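Biologist: Before the bench work is planned, I should like to go through this structure with you step by step. Please show it, and let us begin with the packing of its helices.

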Amino acid sequence: VDKIVVFITTNVPLKPRSEYNPFLKLPADNDIDSSFSSFFGFVDLIPDPGYDFYHNHVFSRFVFPFVVDKMQKAQAKGTGIVVKSKLKTIRNKWWGIPAGHTVEIAWVYLGRVREWEKRLPKKLYKQLVPSENEEKPNVLVNTGPFKNFPHIPTDELNYSPEKANLLASLAGWVIQQNKEVFIEMLS
């Protein structure tokens with residue numbers, strides 16, 4: 001496999017550069033999703049029950065800050081966290097992945113999308129966007145029917161039609177805004 005599209009549907013918002021610099025600090029659970037970080041060998045000492053990311057290390061730790069930097073720049077642009085990177089695998093005995101294989105990856109990281117939010121009707125905007133710190137992409141609305149949107153648990157699976165349609169609208173909009181990445185990756 002030479003091309004991969006990875007969707008990180010997480011309940012952990014990516015912190016912007018103003019709050020987390022991946023070149024200066026190792027990732028913490030509240031900086032970026034630990035399932036993403038685990039691909040680069042960063043795992044919790046005490047894992048969450050039900051999650052085992054210890055065998056996910058397939059890319060060098062040294063490239064991690066460069067990928068996160070791209071993600072934070074995409075986040076700041078406001079059209080969705082969709083970035084491409086060309087990475088070389090490290091050996092992963094557990095999954096049978098050899099070292100030295102070059103892979104092109106499109107990372108799609110769930111997050112608030114400012115340009116999409118700006119296009120919402122006013123009433124819906126007020127329900128989805130926090131009234132304080134609305135410009136901070138890692139700050140979520142903490143009450144109401146759309147609490148923590150779009151970072152809602154994927155194991156919930158009893159979404160209201162409104163919540164399901166909003167997630168679909170957001171995902172579709174992000175894909176449209178970044179369609180050149182998907183066309184290239186899937187062709």
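Biologist: Which residues of α5 are buried?

Modeller: This is a predicted model, and local features are taken only where pLDDT is at least 70. Buried means under 20% relative accessible area. In α5 the buried residues are Lys163, Leu166, Leu167, Leu170, Trp173 and Val174.

Biologist: Within what arc do the buried residues of α5 fall, seen down its axis?

Modeller: The buried residues of α5 line one face of the helix, because their directions fall within a limited arc. The face turned away from this buried side carries the exposed residues Pro161 and Asn165. Seen down the axis, the arc that holds the buried residues is 135°.

Biologist: Against which elements do the buried residues of α5 pack?

Modeller: One of the partners is a strand, β2. The others are the helices α3, residues 114-118, and α4, residues 122-128. The buried residues of α5 thus pack against β2, α3 and α4.

Biologist: How far apart are the end C-alpha atoms of α5?

Modeller: Helix α5 covers residues 161-177, which is 17 residues. At 1.5 Å a residue, such a helix should span 24 Å. The model agrees with this expectation, because the end C-alpha atoms of α5 are separated by 24 Å.

Biologist: Which elements do the buried residues of α2 pack against?

Modeller: Helix α2 has 14 residues and should span 20 Å, which agrees with the 20 Å between its end C-alpha atoms. Its buried residues include Phe64, Val67, Val68, Met71 and Ala74, and also Asp69, Gln72 and Gln75. Just after α2, glycine 78 takes a positive phi of about 90°. The buried residues of α2 pack against α1 (34-38), β2 and β3.

Biologist: Which element gives the most residues to the largest nonpolar core?

Modeller: This core has 23 residues, of which Phe36, Phe40, Phe64, Met71, Trp107 and Tyr109 touch the most other members. At least two residues each come from β1 (3-8), α2 (64-77), β2 (81-88) and β3 (102-109). With five residues, the element that gives the most is α2.

Biologist: Which residues does methionine 71 touch, not counting residues up to four places away in sequence?

Modeller: Methionine 71 is one of the buried residues of α2. It is also among the residues that touch the most other members of the largest nonpolar core. Not counting residues up to four places away in sequence, methionine 71 touches Leu14, Phe36, Ile81, Val83 and Tyr109.

Biologist: In what order are the strands of the open sheet arranged?

Modeller: The sheet has three strands, and their pairing is mixed. Its edge strands are β1 and β2, each of which pairs on one side only. Six bridges join β1 to β3, and these two strands run parallel. The order is β1-β3-β2.

Biologist: Which helix packs on the sheet, touching β1, β2 and β3?

Modeller: Neighbouring strands of the sheet are turned by 25° against each other on average, direction ignored. The helix that packs on the sheet comprises residues 179-186, and its direction makes about 135° with that of β1. That helix is α6.

Biologist: Which residues are joined by a cis peptide bond?

Modeller: Most peptide bonds are trans. Here one has an omega of about 0°. Its proline is found in the loop between α4 and α5. The cis bond joins phenylalanine 149 and proline 150.

Biologist: What is the phi of asparagine 148?

Modeller: Asparagine 148 lies in the loop between α4 and α5, and counts as partly exposed at 28% relative accessibility. Most residues other than glycine have a negative phi. Asparagine 133, in the loop between α4 and α5, has a positive phi near 60°. For asparagine 148, phi is also positive, at about 65°.

Biologist: Is asparagine 138 buried or exposed?

Modeller: Asparagine 138 lies in the loop between α4 and α5. Leaving aside neighbours within four places in sequence, asparagine 138 is in contact with Pro13, Leu14, Lys15, Pro16 and Glu19. Its C-alpha atom is 9.2 Å from that of aspartate 31, 107 residues apart along the chain. Because its relative accessible area is 15%, asparagine 138 is buried.

Terms used:
Residues are numbered from 1 along each chain as its sequence is written. This is a predicted model: local features need pLDDT of at least 70, side-chain atom pairs count only at pLDDT 80 or more; totals for chains, interfaces and linings use all residues. Side-chain values use heavy atoms; hydrogens and water are left out. A nonpolar core is a set of buried Ala, Val, Leu, Ile, Met, Phe, Trp, Tyr and Cys residues joined through side-chain atoms within 4.5 Å. Buried means under 20% relative accessible area, exposed over 50%, partly exposed in between (1.4 Å probe, protein chains only). Helices (H or I, at least four residues) and strands (E, at least two) are DSSP runs, numbered from the N terminus. Contact means heavy atoms within 4.5 Å. Two strands pair if DSSP finds at least two bridges between them. Axes are lines fitted to C-alpha atoms, for helices over the stretch in contact, and angles run from 0 to 180 degrees between N-to-C directions. The expected span of a helix is 1.5 Å times one less than its number of residues. The arc is that of the directions from the helix axis to the C-beta atoms.
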